[in-house]
Amino acid sequence: MAADLEEKTDRYGELLSDALSEATVAPPEGSPMADAADECYEMAESYLEDGTHFREQGDLVNALASFSYGHAWLDAGARVGLFDVPTEGHLFTV
């Protein structure tokens with residue numbers, strides 16, 4: 001069971017990291033929607049940092065939760081048009 005949690009935690013951490021590198025802000029710079037996109041992106045980055053910290057401390061449960069929440073911020077933002085993201089592949093549910 002612990003091996004499954006470790007594998008899943010690592011996989012979700014990589015998924016979030018890859019998703020962050022692929023997502024770009026879609027609305028025009030300076031618009032309220034661009035500000036919202038920036039905030040969502042920042043939240044996702046913060047959750048990646050938190051998850052990495054928890055992972056380094058051996059706290060796999062909180063690391064996995066952090067990676068999952070971070071990806072949710074990006075995925076939701078992509079669904080409502082805050083981010084341009086790839087439509088093919090496994091990174092986003094658009």
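Which residues are buried in α2? In this predicted model, the buried residues of α2 are Ala-34, Ala-37, Cys-40, Ala-44 and Gly-51.

**Fold and helix α2**

The protein contains three helices and two strands, and their order along the sequence is α-β-α-α-β. Helix α2 covers residues 32–56. Because each residue should add 1.5 Å, the 25 residues of this helix are expected to span 36 Å, and the distance of 36 Å between its end C-alpha atoms agrees with that expectation. After α2 comes Gly-58, which has a positive phi, near 85 degrees.

**Overall dimensions and contacts**

Along the principal axes, the C-alpha atoms occupy a box of roughly 45 × 25 × 15 Å. A compact globule of 94 residues would have a radius of gyration near 12 Å, so the 14 Å of the protein agrees with that rule. Among contacts with a separation of 6 or more, 64% join residues 24 or more positions apart.

**Surface and charge**

Of the 94 residues, 32% count as buried. The exposed area of the protein is about 5700 Å², and carbon and sulfur atoms supply 52% of this area. The protein carries 4 positive and 20 negative charges, and the mean positions of these two sets are 12 Å apart.

The lengths discussed above are set out here.

| Item | Value |
|---|---|
| Radius of gyration of the protein | 14 Å |
| Box filled by the C-alpha atoms | roughly 45 × 25 × 15 Å |
| Distance between the mean positions of positive and negative charges | 12 Å |
| Distance between the end C-alpha atoms of α2 | 36 Å |

Methods
Residues numbered from 1 in each chain as written. Predicted model: local features only at pLDDT ≥ 70, side-chain atom pairs only at ≥ 80, totals over all residues. Heavy atoms only, no water. Helix = DSSP H or I, 4+ residues; strand = E, 2+ residues; numbered from the N terminus. Rg over C-alpha atoms; globule rule 2.2 N^0.38 Å. Buried < 20%, exposed > 50% of the residue type's maximum accessible area, 1.4 Å probe, protein only. Contact = heavy atoms within 4.5 Å. Areas by Shrake-Rupley, 256 points an atom, 1.4 Å probe, with all protein chains shown as cover. Lys, Arg positive; Asp, Glu negative; His and termini not counted. Charge placed at Lys NZ, Arg CZ, Asp CG, Glu CD. Expected span 1.5 Å × (residues − 1).
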